[in-house]
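Q: Before any label is placed on this protein, how should each one be argued from a computed value and the criterion behind it?

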Amino acid sequence: MKKFITLITIMLFTTLIGLCGCAGDYRKTVTSIEAMTLTLQGMRGTSVYEIAEVDGKTELRRFKKVYSTGEDILELEASATCDTKDFIELMNNCSVIRWDGFHGKHPKNVMDGIMFDFRATVNDGQEIHADGSENFPKGYHNFVRELNKILTEHEDD
């Protein structure tokens, strides 16, 4: 009987962790976005993606970091206005809220690669931060691919 009670207790505890997550974070989806910055640094330079609200719409911007007159500056490479709901859907499809706390250590014997730093404020103040070096969270590559797709589709606008 004691083993049965222990087994039931373990099953209930495991179920609660599965439903609520280890940290008890019940907000596993993005419902609103206030800010986002993604910095990618590699051998060919640094790109910075960010969003801003312009006239009630979300504007995605990509900057290239260049060294000029003794300092690093950001030059705008591309921008596109996108539907805020679609952008939130992209973030949810790529599970960015689950990236919070991710720190992808640089793999041994890799001489170069891409480093990333992701920061976002969502859901009225919830902070997300993830970073890594040639080690990325699930959904990362799709997220970056979709950001570039949004910018490419709007190049001629």
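A: Two strands count as paired if DSSP finds at least two bridges between them. In this predicted model, strand 6 and strand 7 are joined by 8 bridges in the antiparallel sense, and one pair across the two strands sets Ala120 opposite Ile128 of strand 7.

Q: What makes strand 6 and strand 7 a hairpin?
A: The two strands are linked with 3 residues between them, and in that turn Asn123 has a positive phi of about 50°. Their pairing is antiparallel, over 8 bridges.

Q: How do you know that strand 5 and strand 7 pair?
A: The criterion asks for at least two bridges, and strand 5 and strand 7 (residues 126–133) have 2 bridges, in the parallel sense. Of the residues concerned, His103 has Asp131 in strand 7 as its bridge partner, while Gly104 stands opposite Gly132 in strand 7.

Q: Why are strand 4 and strand 5 called edge strands, and what is the strand order of the open sheet?
A: The open sheet has 7 strands in the order 4-3-2-1-6-7-5, and its pairing is mixed. Strand 4 (71–82) and strand 5 (103–104) each pair on one side only, and are its edge strands. Helix 2 (residues 84–93) packs on this sheet, where it touches strand 1 (33–42), strand 2 (45–54), strand 3 (57–68), strand 4 and strand 6 (115–122), and its direction makes about 55° with that of strand 1. Helix 3 (residues 140–153) lies across strand 1, strand 2, strand 3, strand 4 and strand 6, and runs at about 100° to strand 1.

Q: How do you know that strand 2 pairs with strand 1 and with strand 3?
A: Set against the requirement of at least two bridges, strand 1 and strand 2 have 6 bridges and run antiparallel, and strand 2 and strand 3 have 9 bridges, also in the antiparallel sense. Gly42 has Gly45 in strand 2 as its bridge partner, and Ser47 has Lys64 in strand 3 as its partner. A hairpin through 2 residues joins strand 1 to strand 2; strand 2 and strand 3 likewise form a hairpin with 2 residues between them, and Asp55 in its turn has a positive phi of about 55°.

Q: Why is Ile128 called buried?
A: Ile128 is called buried because its relative accessibility is 2%, and the cut-off for that label is under 20%. This residue lies in strand 7, a strand that is mostly covered, with 6 of its 8 residues buried. Leaving out residues up to four places away in sequence, Ile128 touches Val96, Ile97, Trp99, Asp100, Phe118, Arg119, Ala120 and Val122. Ile128 and Met36 are 92 residues apart in sequence, but their C-alpha atoms are 9.1 Å apart in space.

Q: Why does Arg62 count as buried?
A: Arg62 counts as buried because its relative accessibility is 17%, and the label applies to values under 20%. Arg62 is found in strand 3, and, not counting residues up to four places away in sequence, it touches Val48, Tyr49, Glu75, Leu76, Glu77, Ala78, Asn148 and Leu151.

Q: What makes up the lining of the largest pocket, by class and by element?
A: The largest pocket holds about 230 Å³ of space. Of the 15 residues that line it, Leu40, Gly42, Gly45, Ser47 and Ile114 are the closest to its centre. Strand 1, strand 2, strand 3 and helix 3 are the elements that give two or more residues to the lining, and strand 2 has the largest share of it, with 4 residues. By class, the lining has 5 nonpolar, 6 polar and 4 charged residues, where Gly is counted among the polar ones.

Q: What is the pattern of the protein along the sequence, and how many of its contacts join residues 24 or more positions apart?
A: The protein has 3 helices and 7 strands, which follow one another as α-β-β-β-β-α-β-β-β-α. Of the contacts with a separation of 6 or more, 59% are between residues 24 or more positions apart. Buried residues make up 31% of the 157 residues in the protein.

Conventions: Residues are numbered from 1 along each chain as its sequence is written. This is a predicted model: local features need pLDDT of at least 70, side-chain atom pairs count only at pLDDT 80 or more; totals for chains, interfaces and linings use all residues. Side-chain values use heavy atoms; hydrogens and water are left out. Contact means heavy atoms within 4.5 Å. Axes are lines fitted to C-alpha atoms, for helices over the stretch in contact, and angles run from 0 to 180 degrees between N-to-C directions. On a 1 Å grid over the protein atoms alone, a cavity is a set of points where a 1.4 Å probe fits but cannot get out, and a pocket is an open set with protein on both sides within 12 Å along at least five of seven lines; lining residues have an atom within 4 Å of a point. Grid points are joined across faces, edges and corners, and a volume is the space filled by probe spheres set on the points. Buried means under 20% relative accessible area, exposed over 50%, partly exposed in between (1.4 Å probe, protein chains only).
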